[in-house]
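Work through the exercises below with the sequence and the three-dimensional structure open beside you. Try each task before reading its solution.

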Amino acid sequence: MPVFEEPRHVGRPNMGDREAFLTRVGEIFDRGWFSNDGPVVRELEARLAEMAGVRHCVATCNGTIALEIAIRALGLEGEVIVPSYTFVATAHALHWQGVTPVFADIDPRTHTLDPEAVRRAITPRTTGIIGVHLWGQPAAVDELQAIADEHGLSLMFDAAHAFACTHQGRMIGGFGRAEVFSFHATKFFNSFEGGAVMTDDDEIAEKARLMRNFGFAGYDNVIHPGTNGKMIEVCAAMGLTNLEMLDATIAVNRRNHEAYAAGLAGVPGLDLMSFDPAEANNFQYVVLQVREGAGTSRDALVEALQAENVLARRYFWPGCHNMAPYRDLDPDAGATLPVTEQVAGEVVVLPTGSAVSVADIEVITGLIRAQVGR
Ligand code: T4K
């Protein structure tokens, strides 16, 4: 029998007040307005823009479509430099728009793009850089902006993990030309599915709004190529409901992170990712690195945990450059991505969120210690 009868997941949704959500759904029924730039979506956009301190928030049906829309709104083409160590949606969004992702290596401390590696990846075909604020760790925003300025490139960010996080005290959302969020069910703040493009640039926002709705500028008047990227009202209602408990969710995530840190303190060969205490963070990912000499391999640890119903994950193994759609782009990419290869082989992401208690974490860290000491 596994230690846990019910699985402990990475990415179990945080759920706001059910009654508050159902009241909002009732109002949506009464209005008979389900989609297409409805009042609940507009309210959510206004709240999110205010929180992030940006001029524009364009809500979408998910983060991947938001990435695709932002890539098009920025006019990216040719080659764009991205980390390989990210969820595959970052690379897919480029590929889907006919742009070639060129993978650059990461900083071993933050797991975000290494600016020097970005410099080395620039070619005459490069038009942009997409930094990823992985795990809610801000990318090297200032260094990347300097490189973009120097080479006339567009800089945007995949901020799917970084809602409610800050960089130098400023909310993520307004850096680069645009930033893209995901409000997927597994994110600490969710709208069932959802995403957003945030920007201070009026023109980019205008383009993103057009593209989100087939390029319609009014009845019968299509002025831009577009797609269907709209967020629906029920999703926005979930978003508003979850915003009401955002502070409580972050507090639980922080408590859980501290419980993991306490439970794993002093174990040789294990490093728990920590976050700059001077910055705001959402603590939605608990990222453990299993180093050589830990007495277990990462994969053996994941297997042992999963056998006990602790559904830990090997995010983002094996790196985009090793995945089928990208392997042939540059079969030798691994040679230029040593940190990516190492980190992808070491990371295990552990369960957290409101469905995971401190008592659960004591059991989970006990299982990890037992595996390491084996
Ligand atoms: N950029 C980055 C850096 C991203 O991480 C993501 C998404 C994106 C862009 C794209 O944004 P979206 O288009 O997704 O908005 C999950 C999520 O589906 C994905 O949104 C997320 N990143 C990624 C990191 O995690 P999978 O393939 O791991 O999902 P899955 O089905 O294995 O679920 C993860 C865990 O969550 C499981 O243990 C089960 C649990 N779960 C999941 C759902 C959906 C639940 O308990 N309840 C649920 O409703 O990708």
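## Exercise 1: The ligand and its surroundings

In this predicted model, an oxygen atom of the ligand lies 2.8 Å from an N or O atom in the side chain of Arg 313. Starting from that contact, identify which residues come nearest to the ligand, and find the distance from a ligand oxygen atom to the side chain of Arg 12.

**Solution.** Begin with the surroundings as a whole: 25 residues are found around the ligand, and of these Arg 12, Thr 64, Asp 158, His 161 and Tyr 315 come nearest. Next, take Arg 12 by itself, where an N or O atom of the side chain is 2.6 Å from an oxygen atom of the ligand. Finally, turn to a nitrogen atom of the ligand, which is 2.8 Å from an N or O atom in the side chain of Lys 187. With a cut-off of 3.5 Å for a polar contact, the distance at Arg 12, the one at Lys 187 and the one at Arg 313 can each be checked in turn.

## Exercise 2: The interface between the domains

Describe how domain 1 and domain 2 meet, stating what area is buried between them and how many salt bridges are counted there.

**Solution.** First set the bounds: the domain assignment places domain 1 at 18-243 and domain 2 at 245-373. Their C-alpha centres are 25 Å apart, and the contact draws 41 residues from domain 1 and 34 residues from domain 2. About 3100 Å² is buried between the two domains, with carbon and sulfur atoms giving 64% of that area. On the side of domain 1, Tyr 85, Trp 135 and Phe 188 supply 26% of the area buried against domain 2, which is more than any other three residues. For the polar part, the count of salt bridges between the domains is zero, whereas 24 residue pairs are in polar contact across the interface. Among the elements that each supply at least two residues of this side of domain 1 are helix H4 (89-96) and helix H8 (233-243), while S4 gives the most, with four residues. Sorted by class, this side has 20 nonpolar, 17 polar and four charged residues.

## Exercise 3: A salt bridge between two helices

Which parts of the structure does the pair of Glu 45 and Arg 209 tie together?

**Solution.** Across the whole structure, 14 salt bridges are found. One is formed by Glu 45 with Arg 209, whose closest N and O atoms are 3.4 Å apart. Glu 45 belongs to helix H2 (residues 39-52) and Arg 209 to helix H7 (residues 202-212), so the pair links parts that are 164 residues apart in sequence.

Conventions:
Residues numbered from 1 in each chain as written. Predicted model: local features only at pLDDT ≥ 70, side-chain atom pairs only at ≥ 80, totals over all residues. Heavy atoms only, no water. Domains from an automatic or database assignment. Contact = heavy atoms within 4.5 Å. Buried area = accessible area lost by both parts, 1.4 Å probe. Salt bridge = Lys/Arg side-chain N within 4 Å of Asp/Glu carboxyl O. Polar contact = N/O pair within 3.5 Å; in protein donor to acceptor, adjacent residues only side chain to side chain. Nonpolar A, V, L, I, M, F, W, Y, C, P; charged D, E, K, R; others polar. Near = heavy atom within 4 Å.
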